[in-house]
Amino acid sequence: PHKLHIIWPDREVVFKKDEMVLHGIRKMIDLNPDWTYTVYNHDDIDNYLKKELTRESPVLSQSDIDLMMTAHIVERTDAARLLMMWHEGGFYQDVDRLYNVPMDRVLTPEVKMVIPTLYDTNFMQDLMCTAPGNPIVKRAIQMAWEWRRTVPRVRGIANFADHMMMVNSWSTALSVEIFGRASVGIKDARDAIEKVSSLKTYKEEWCDGLWIRPFSGCKEVSRADLYTTFNISPWGNEVKDLWKMHCTKIASRLRKLKLSTSTSEGKAFAIERLTADWQKYTCFRDEHRPDHMTAADAL
């Protein structure tokens, strides 16, 4: 299907004169006039997730949707993006990626899915292109949700490491469905994929990819101005700060209880419960450990 999916907090992003936009999604739209594009803002993402329950064969439950409504917007976006690819297919790429090659130069009639790799690291999840109803996409949805339903959360927010495990479900699903195992060497994977006419792959770099060819000034195009224009800061730091604050509260309560002269069973139970929470919320990790504690103290 000739559908371009764009996700950004402001639907007007496609009209901005920012260099990243002009050499990215704006170029993508202009070079493909026969493709329709949709920009999904945060409200659109939430509505797309909720729409899942109205489908004839939903892949999510009401409790799943409830869980998402308190999750970080990045996690909600990741979940919605896979649903878009499953139900509608089409093309998705992050706003902070470059673009200057028309779709029809890459997507020949026999191609049903594009599986680029990020250098030789993993299969990319910030650029997706597939026909709808792809079983690989459904497997990725299932894998992400198997993890998502079980992880601990602070105010609905999963920690950064668990979030990355959900994101990595894309690479894992591709490996399992195509090669029959959970991980595969990226170079060998590309060699094998290139032999399948319905699939296409490429080793993507900043200025060299299936949909981006090198141009003068390419390497100087920066994401920074785009983030500044829309007041977007690194979301991972926000999540880590939230979890650190939660762990600091646990540490404070534990300290007060241990300094207490009480010998009641209630005190022992409370210490046991808080100690379990300390482990549950991985407060021993450097990124979650309270500032006043050393690594030895945390353990």
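1. Strand S4 (residues 113-114) and S10 run parallel and are joined by two bridges. Within this pair, Val114 stands opposite Lys200 of S10. The model is a predicted one.

2. S4 and S10 belong to an open sheet of six strands. The order reads S2-S1-S3-S7-S4-S10, and the pairing is mixed. The edges are held by strand S2 (36-40) and strand S10 (199-200). Each has a single partner strand, so one side of each has no neighbour in the sheet.

3. Helix H5 (residues 73-87) packs on this sheet. It touches strand S1 (3-7), S2, strand S3 (90-93) and strand S7 (127-130). The direction of H5 makes about 175° with that of S1.

4. Now S1 itself. Its pairing with S2 is parallel and covers five bridges. Ile7 of S1 stands opposite Tyr40 in S2. S1 also runs parallel to S3, joined by two bridges. There, His5 has Tyr92 of S3 as its bridge partner. As a general matter, strands of a sheet pair through backbone hydrogen bonds, in either the parallel or the antiparallel sense.

5. Is S1 mostly covered or mostly uncovered? Mostly covered: four of its five residues are buried.

6. Helix H6 (residues 135-148) passes a length check. At 1.5 Å a residue, its 14 residues should span 20 Å. The end C-alpha atoms are 20 Å apart, so the model agrees with the expected span.

7. What reaches the backbone nitrogen of Ile136 at the start of H6? A side-chain oxygen of Asn134 does, coming to within 2.9 Å. Ile136 is also buried. Other buried residues of H6 include Val137, Ala140, Ile141 and Met143. Ala144, Trp145 and Arg148 are buried too.

8. Next, the whole chain. The protein has 299 residues, of which 47% count as buried. It contains 13 helices and 11 strands. Along the principal axes, the C-alpha trace spans about 75 × 40 × 40 Å.

9. Contacts and surface complete the note. Among contacts with a separation of 6 or more, 73% come from residues 24 or more positions apart. The exposed area of the protein is about 15200 Å². Carbon and sulfur atoms supply 51% of that area.

Definitions and conventions. Residues numbered from 1 in each chain as written. Predicted model: local features only at pLDDT ≥ 70, side-chain atom pairs only at ≥ 80, totals over all residues. Heavy atoms only, no water. Pairing = 2+ DSSP bridges. Contact = heavy atoms within 4.5 Å. Axes fitted to C-alpha atoms, helices over the stretch in contact; angles between N-to-C directions. Expected span 1.5 Å × (residues − 1). Buried < 20%, exposed > 50% of the residue type's maximum accessible area, 1.4 Å probe, protein only. Polar contact = N/O pair within 3.5 Å; in protein donor to acceptor, adjacent residues only side chain to side chain. Areas by Shrake-Rupley, 256 points an atom, 1.4 Å probe, with all protein chains shown as cover.
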